[in-house]
Amino acid sequence: MSTGVIAPARRPEIKTELPGPKGKKIIEADAQFVNPAYPRPSFTLVAERARGVWVEDVDGNIFLDCNAGVAVCSTGHCHPEVVQAIQEQAAELIHICGTDYYYRHMPQLAEKLDAIVPVQSPTRTHFANSGTEAVETALKLAMHATGREKFIGFFNSFHGRTMGSLSLTSSRAAQRKGFKRQALDVVHVPYPNDFRNPFNPADCGDGGAGEGALNWIEERLFKTTTPPEEVAGIVVEAVQGEGGYVPAPQNFLEGLREICDRHGILLIVDEVQSGMGRTGKMFALDHYGVKADIVCIAKGIASGLPLGACVARADLMDWKPGAHASTFGGNPICIASALKTIELLEGGLIQNSAEVGAYLKAGLERLKQKYECIGDVRGMGLMLGVEFVENKTSLKPAPELRDRIEVACFERGLIILGAGTQTIRWSPPLVLTKENVDVALDIFDQAIAASV
Ligand SMILES: Cc1ncc(COP(=O)(O)O)c(C=O)c1O
């Protein structure tokens, strides 16, 4: 029987085959009763408990977690202060419904967000339960505020799976297949990935992929299918997440801001994955000195409780009662967890994300020198991507190798997850230490050596 406490481990401990006997039973039951559309990776983690950066599975195996429940457990698993905040709030008020009643938590967190988001204050916040709902809110609000209905999004983006956000999402065919025409009028532009510049060099000038994307919007879209005066919003990830952990070029985000200002278009920045300290600043956009009109937040904001937020310029969010609301969104327990999470982020974890992220990146760069199959190491803070290629000359994507490495890491007790088809994302809890990094890099190195 388990003690219920994970001893402070230094290295992963794998004691059974993976999955172990108890894990196998759960996977069987899952296959029978649970939605089969969850896009689970080729390794199978059946979690039982977790603390900090360590996850124990049902069979007692202990893993070093460098994924954090897909960039969610920002303060580490079950941070004691977060647990305490949740428990105290649960004993006071679990739910009352912010659509009809008031409670202190909503204005408290909204005021805090006003102070920290990369949107010009004053702002207003709508509280939701997930990333996709935060994006839905942004889309509705942009249409409402501008009276326009077209949107511009980017290929390989991920903004969620409900019908509005799905119209933007374009990172895999499986996300769209079977759902017929997209619900919203969205046109997609190649994302300015500097490592795989999708644009004609002549359209890029000296400005690389960023300039190529801006030209595409102004010279192709605006002059053909998408008159700017009909565009409500441009929706962009400052660091493309599910698409492969690709940071936007500086000139691209600056240029989008200018285009939006020139044409009365709203700049909607999706910080669902990149926000809340993950990149070594509170928001990825803070690296660029660019302000959005609307920001979407979820994942890391409440250390694992379901909370989404759409924060907009106050003059935009002036819709009337009934226009948009949510029964559970901004639940007091989730907000208590978010307020504690932000306190911990500001109290040192953002700094840790920057410092340990730089240390991890330096280690990954060393592995890039060592291995012919690592084409690119990129990102900021603890949002780092490693792209695998057949070799450094062809730079041909190596998706099967990436998948093998993912599994080989897991078998050695390191949880990391793919993003895009050939990239591994590093999105650990922001409490990760340099000692943890040394262990993780050692396993990653072994896994690559065993997989090439
Ligand atoms: C950038 C981005 N936006 C939106 C979403 C959707 O969030 P959720 O799964 O909470 O609906 C995600 C999820 O991965 C994301 O990475």
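Good morning. Strand E14, residues 383-388, runs antiparallel to strand E17, and 4 bridges join the two. I begin with this pairing, and I should say at once that the model before you is a predicted one. Within the pairing, Glu387 has Thr423 of E17 as its bridge partner.

Strand E17 also pairs with strand E16, residues 417-419, in the antiparallel sense, over 3 bridges. Here Leu417 is matched with Arg425 of E17. E16 and E17 form a hairpin with 3 residues between the strands, and in that hairpin Gly420 takes a positive phi near 65°.

Are the faces of strand E17 covered or uncovered? In a regular strand, side chains alternate between the two faces of the sheet. In E17, which spans residues 423-426, Thr423 and Arg425 lie on one side, while Ile424 and Trp426 lie on the other. All four of these residues are buried, and both faces are thus covered.

Let me turn to a pair of helices. Two packed helices are described by the angle between their axes and by the distance between those axes. For helix H10, residues 332-370, and helix H12, residues 434-451, the axes come within 10 Å and cross at roughly 25°. An angle under 35 degrees counts as roughly parallel, and H10 and H12 are therefore roughly parallel to each other. Their crossing is right-handed.

Which residues make this contact? From H10 come Val356, Tyr359, Leu360, Gly363 and Leu367. From H12 come Lys434, Val437, Leu441, Phe444, Asp445 and Ile448. By character, the residues of the contact of H10 with H12 comprise 8 nonpolar, 1 polar and 2 charged.

My last topic is an open sheet of 7 strands with mixed pairing. Read across, the order is E4-E12-E11-E10-E7-E5-E6. Strand E4, residues 123-128, and strand E6, residues 185-189, stand at the edges; each has a single partner strand, so one side of each is left without a neighbour in the sheet. From one strand to the next, the twist averages 20°.

How many bridges join E4 to strand E12? E4 and E12, the latter covering residues 308-313, pair over 6 bridges in the antiparallel sense. In that pairing, Phe127 stands opposite Ala309 of E12.

Finally, helix H5, residues 131-146, lies across several strands, including E4, E5, E7 and E12. Relative to E12, helix H5 runs at about 25°. Thank you for your attention.

Terms used
Residues numbered from 1 in each chain as written. Predicted model: local features only at pLDDT ≥ 70, side-chain atom pairs only at ≥ 80, totals over all residues. Buried ≥ 20, exposed ≤ 12 C-beta atoms within 10 Å, placed from the backbone. Pairing = 2+ DSSP bridges. Axes fitted to C-alpha atoms, helices over the stretch in contact; angles between N-to-C directions. Parallel < 35°, antiparallel > 145°, perpendicular 65-115°, else oblique. Left-handed = near helix turned anticlockwise from the far one by under 90°. Contact = placed C-beta atoms within 7 Å. Nonpolar A, V, L, I, M, F, W, Y, C, P; charged D, E, K, R; others polar.
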